[in-house]
Amino acid sequence: MLLKRAMFRCGQLCSRVFAVEFDLRTEPLYFTLSSTPQELHQAHQQLFGGDEKLFSLHVHSDSRTEKARTHAEIKHKLSVALSRDCDVFEASAFIPDVKNSVDKGFFIRDKSTTSLSEDVLKTLQQSKSVCVFSYKREGQYCWQELWSPVNQVEESVRQYVTPAAAAEHHPSTLNIMSSDVYYCMNDAYEVLQECTDIIPESKEVLKLVDEQLETSRGDAFPVIVIEGLDATGKTTLTEALRESLNATLLKSPPQCLAPFRQRFDSEPPLIRRAFYALGNYITAAHIGKESLRAPVIVDRYWHSTAAYAIATAVGGRVENLPKPGSELYQWPEDLLQPNQVLLLTVSPEERLRRLRDRGQDKTVEEAELEINLLFRLKVEEAYKRIQNPACIIVDASPSPREVLQQVEHLIRNKCHLKTTSSLPDETRSHAISPHTTRW
């Protein structure tokens, strides 16, 4: 029965394009499968050449939560169980231009003389959602076969690796919508509903969302969002703006989700991103209420959620990001929009200096920013490509006072608000009132 399921999955994958992130500085290596021998290109020879044992595995399941969790478990297992003589590359199998068609997986190149990789793969293959292939080389040709630890897959058809042209868009972009980034609340809500049996905290999060669903803006005061990487000065600036504008300061994710963050941070992107997406909708509800009384400053919002998710989902170079103007950069239609979004930027050297001075714990993604230049560049570029509303870039390198003055100027011009620092002392207490011009 297991063999039949594996053969069925094999038939599905053989009609797809494969991509291997062999070198993150270049395009992925693309190939398809053919029943006739095909000569390998030079780049493919680097991956498939030599005497190494070669395997790939892909995760396929009709359940998106099972698929995501299985992939995450395999990634962890490979990172701790394989020897140093094994190279592991991110891989995927997909149908070009078809959304949500990507089956993620890994390509393994084992240069050792032990059977450790086979032992690990044998364990992983017990999952009904995992399909494992092996690759064999003969002269200039390489073929793929469904792998069996006891070589009993007699029905397996030899499929030759055939070099393929690079995809117009990086394959990971096909799965971003409602998997890494959520563009409506219902999509994120449904993911957590699917997790209530395996993650009990999901019920409590959904209950909080249900309690906050009423969002009203009406004739409200302006909402200004301050975005930026960690250590760009967001906390200092938002506190200063709260006082300067006599505003309400909110942070995203909201404090009510703090007890659950550690639990959801350990989950794969599909579930983790759904949790943070719902946090934005709770924040939107808070904005709707507070903006009826005073201007609102928000420390991070949807731009952060989307920029980090896109940068994490897309492997390799900045050029692999969705193209400017892509629908993946569009603000969700059902999420309350701010009046202005300001993106604080500083040089990489200044960011690192500030982080070292803090000496505090950082999230996994913030730690990744420090060691991975490509990831940082992708996050920053994703920030800049998000539209409706787009970010206004603010150089946060000068002193906090200078940055505050620069931002106050931008807010006055856009939102027609007066700040206390621009008024005589005797009028500062009346700078913001219900009769102030609203937008």
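Guide: Let's start with a term: a polar contact is a pair of N or O atoms within 3.5 Å, and within protein one must be able to donate a hydrogen and the other to accept it. Keep in mind that this is a predicted model.

Visitor: What makes the pair formed by Q193 and T196 fit that distance cut-off?

Guide: A polar atom of the T196 side chain lies 3.1 Å from the backbone oxygen of Q193. The cut-off is 3.5 Å, so the distance fits.

Visitor: Where does T196 sit, and why is it called buried?

Guide: T196 is in the loop between α5 (185-194) and α6 (201-211). Its relative accessible area is 18%, and buried means under 20%, so T196 earns the label. Leaving aside neighbours within four places in sequence, it's in contact with S202, K203 and L206.

Visitor: What lines the largest cavity?

Guide: That cavity has a volume of about 60 Å³, and the structure holds one of 30 Å³ or more. Its lining is L229, T232, L343, L344, T345, V346, E380, Y383 and K384. β12 (340-345) and α13 (373-385) each supply at least two of those residues.

Visitor: How do the lining residues divide by type, and why does Y383 count as nonpolar?

Guide: Five are nonpolar, two polar and two charged. Tyr is on the nonpolar list, so Y383 goes there.

Visitor: Where does pLDDT stay under 50?

Guide: The mean pLDDT of the chain is 86, with 84% of residues at 70 or more. Residues 1-5 are below 50, though, and residues 422-439 stay under 50 too. Where pLDDT is low, don't read the predicted coordinates in detail.

Methods. Residues numbered from 1 in each chain as written. Predicted model: local features only at pLDDT ≥ 70, side-chain atom pairs only at ≥ 80, totals over all residues. Heavy atoms only, no water. pLDDT = per-residue confidence, 0-100. Contact = heavy atoms within 4.5 Å. 1 Å grid on protein atoms, 1.4 Å probe; cavity = no way out; pocket = protein on both sides within 12 Å on 5 of 7 lines; lining within 4 Å. Points joined across faces, edges and corners; volume = space filled by probe spheres on them. Helix = DSSP H or I, 4+ residues; strand = E, 2+ residues; numbered from the N terminus. Buried < 20%, exposed > 50% of the residue type's maximum accessible area, 1.4 Å probe, protein only.
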